[in-house]
Amino acid sequence: MSGQLAEVAARLDSTRQLGSVISAMRAIAASRSQQARRELQAIGLYAQTIGEAIGQVLGTLPGGQLMAVPTPQPDGVLVVALCAEQGFAGSFNERVLDVALPLADRNRGRLFIVGDRGLMVAGNRGRTPDWNVPMAAHTDEVSALADRISDAIYAALAAHGLGRVLLVYGSPGEGEEQSIEQRWLLPFDFGRFPARLADGQAPLMNLPPATLLEQLAVEYVHADLCAALMLSYAAENQARMQAMIAAHGNLERTEASLTLQFQRVRQEDITDEILELSAART
């Protein structure tokens with residue numbers, strides 16, 4: 001085998017091995033995205049249960065009056081950008097930060113970034129967040145991560161006098177591109193929950209209604225944050241799956257080109273060998 005033929009054969013073998021890696025990454029990303037979507041159903045049921053409990057407690061108040069809600073401040077918004085932890089996710093992080101960074105600038109607020117890849121992109125743009133944390137690598141890490149983010153949010157609200165918290169995150173779509181969503185996490189709006197009693201009977205409460213509502217609101221915020229994190233996790237893996245599909249298509253074209261080159265060079269080597277043998281006999 002000539003040196004050129006050996007070189008082409010090595011490149012072809014390397015391309016095929018890389019194709020196997022890309023296929024495996026695509027399958028893992030697809031599996032993780034689907035798992036996150038299944039987990040979202042459980043989070044939705046959890047939030048629904050808390051919401052019903054809030055409505056029942058509100059129903060015990062005179063005239064269904066709502067608990068006082070803090071007046072949002074015109075300035076001082078904490079923007080929490082949920083980005084990716086791992087690479088090969090296309091432009092996912094850039095698109096999240098394209099939305100989050102202007103919002104933080106416009107509202108003269110603070111910026112939190114979740115996900116090391118998002119932190120890198122922000123650094124390339126000359127931005128340093130006020131706080132950052134790695135994104136969950138698996139769905140079973142989402143609840144603990146939500147606790148960490150909640151603690152940091154409440155600490156920032158107390159330290160800087162902020163009144164509003166805005167989540168910016170990706171959401172998986174049916175097409176090729178994920179949508180970028182915005183959700184107000186705080187202040188908590190009790191007006192979303194209709195005041196009503198189950199079967200017309202007041203629930204058994206061991207805490208004063210105001211205290212119970214406060215604790216239920218904290219739980220609902222946790223559920224909201226878990227849902228946003230899980231959607232972001234699903235969108236990140238969907239973006240990675242699509243990036244791997246595109247990479248696999250490019251790799252197939254490269255492999256086809258290398259295969260043709262290998263066949264051409266091999267045919268040339270065979271022709272040269274035949275000519276040499278013919279010349280030797282004469």
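Helix axes are lines fitted to C-alpha atoms over the stretch in contact, and the angles between them are taken between N-to-C directions. On that basis, in this predicted model, the axes of helix α2 (residues 92-106) and helix α3 (residues 116-124) come within 9 Å and cross at roughly 65 degrees. The protein chain holds five helices and five strands. This briefing covers the chain as a whole, the packing of α2 with α3, residue D116, and strand β2 with its partners.

**Overall architecture**

- Read from the N terminus, the elements of the protein chain follow the order α-β-α-β-α-β-α-β-β-α.
- The protein chain has 282 residues, and buried residues make up 40% of them.
- Among contacts in the protein chain with a separation of 6 or more, 78% are between residues 24 or more positions apart.
- The protein chain has an accessible surface of about 15,100 Å², and carbon and sulfur atoms account for 52% of that surface.

**Packing of α2 with α3**

- The crossing of these two helices is right-handed.
- On the α2 side, the contact involves N93, E94 and L97, which meet R117, G118, V121 and A122 in α3.
- Sorted by class, this contact comprises three nonpolar, two polar and two charged residues.

**Residue D116**

- D116 is located in helix α3.
- D116 has a relative accessibility of 30%; because this value lies between the limits of 20% for buried and 50% for exposed residues, D116 counts as partly exposed.
- Apart from neighbours within four places in sequence, D116 is in contact with A84, E85 and P134.
- G87 lies 29 residues from D116 in sequence, while the C-alpha atoms of the two are 9.4 Å apart in space.

**Strand β2 and its partners**

- Strand β2 spans residues 110-114, and four of its five residues are buried, so this strand is largely enclosed by the rest of the structure.
- Strand β1 (residues 77-82) runs parallel to β2 and is joined to it by five bridges.
- In the pairing of β1 with β2, L78 stands opposite R110 of β2.
- Strand β3 (residues 131-133) also pairs with β2, through three bridges and in a parallel arrangement.
- In the pairing of β2 with β3, I113 stands opposite N132 of β3.
- Strand β2 is thus bridged to β1 and to β3.

How values were computed
Residues are numbered from 1 along each chain as its sequence is written. This is a predicted model: local features need pLDDT of at least 70, side-chain atom pairs count only at pLDDT 80 or more; totals for chains, interfaces and linings use all residues. Side-chain values use heavy atoms; hydrogens and water are left out. Axes are lines fitted to C-alpha atoms, for helices over the stretch in contact, and angles run from 0 to 180 degrees between N-to-C directions. A crossing is left-handed if the near helix is turned anticlockwise from the far one by less than a right angle, and right-handed if clockwise. Contact means heavy atoms within 4.5 Å. Ala, Val, Leu, Ile, Met, Phe, Trp, Tyr, Cys and Pro count as nonpolar, Asp, Glu, Lys and Arg as charged, and the others, Gly among them, as polar. Buried means under 20% relative accessible area, exposed over 50%, partly exposed in between (1.4 Å probe, protein chains only). Accessible areas come from the Shrake-Rupley method with a 1.4 Å probe; for residues, only the protein chains shown count as cover. Two strands pair if DSSP finds at least two bridges between them.
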